[in-house]
Amino acid sequence: MPGSERGMIMKPARLSLIIIVLAAVISLEGCAPKVWSVDFTDYQNETLSDWSDQTHLSPADYVHDGTGLYFDNHVLIAPFGFDTDFTLTLNFKLDVGAGNSIPKMQVGLVGYYFVPGMLDSVDNLYAEFANLGDGGIDYYNLYDSSVSKDYKITVDGLKPSADNELVLIKTGNHIKVLMNDSVLSDVDYEYCWMDYFYPFIYLDTSSQDQIRLMAISVEYKGSRQSRD
């Protein structure tokens, strides 16, 4: 067969291949995860005014500067909720001396709004950490609409005087919680059912300025919804 004829026959095949490749690229781009994030150390640009800030107990304290975000007895609810599957990552720094600890930290997901101290009145899914920094009395609990789902007498992977990364991975009705790559929970939840899951953070530090929130991010493939 003459070369010119072979070229005429091969061109449609090459065109079809190009179309298939382009379609695959477009499809992959459509499935690429989206990311919402806040850098708490960039305090000049991150005003956090779009967060819901609720005082839980008195006295309460709040500091936002170049070292990050510190607060005591506040509940912060993110401005966006997320549906379907997503991964929440919270970076924080502990600087807890011997014999000291942070009484409580809660990080998790709730509906649009809740009253501080009244988590049992709404659907929720959150990790609770108590006595952070003291390896002798710290513990961890995972709550599924205020029902204890997973309890551990120590917070595996926690670094009492260093940077830490807490990760919550939601897949369907499954939740996986990791502290610095150490798995704390890997379970199905039963009671928490929300259209959109809003991240929240609560700190009770007993006025001990020994924890700084550095950044939070949510990687998601579904959609997000503003509280406004």
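This dialogue discusses salt bridges and the surroundings of one aspartate in a predicted model.

Me: How many salt bridges does the structure hold?

Reply: A salt bridge pairs a side-chain nitrogen of Lys or Arg with a carboxyl oxygen of Asp or Glu, within 4 Å. The structure holds four. One of them joins D163 and K93, whose closest N and O atoms are 3.7 Å apart. This pair links distant parts of the chain, 70 residues apart, with D163 in strand β12 and K93 in strand β7.

Me: Which parts does the salt bridge between K104 and E128 tie together?

Reply: The closest N and O atoms of K104 and E128 are 3.9 Å apart. K104 belongs to strand β8 and E128 to strand β9, so the bridge ties together parts that are 24 residues apart in sequence.

Me: Is E128 buried or exposed?

Reply: A residue counts as buried when its relative accessible area is under 20%. E128 has 6% and is therefore buried. Its partner K104, at 27%, is partly exposed. A further salt bridge joins K152 and D150, at 3.2 Å from N to O. Here D150 is buried at 15%, while K152 is partly exposed at 23%.

Me: Which residues does D65 touch, leaving aside those up to four places away in sequence?

Reply: D65, in strand β3, touches F40, T41, Y43 and R212. D65 and Y43 are 22 residues apart in sequence, yet their C-alpha atoms are 5.4 Å apart in space.

Me: With which side chain does the side chain of D65 make a polar contact?

Reply: The partner is the side chain of T67, at 2.5 Å. D65 itself is partly exposed, because its relative accessible area is 24%.

Key
Residues numbered from 1 in each chain as written. Predicted model: local features only at pLDDT ≥ 70, side-chain atom pairs only at ≥ 80, totals over all residues. Heavy atoms only, no water. Helix = DSSP H or I, 4+ residues; strand = E, 2+ residues; numbered from the N terminus. Buried < 20%, exposed > 50% of the residue type's maximum accessible area, 1.4 Å probe, protein only. Contact = heavy atoms within 4.5 Å. Polar contact = N/O pair within 3.5 Å; in protein donor to acceptor, adjacent residues only side chain to side chain.
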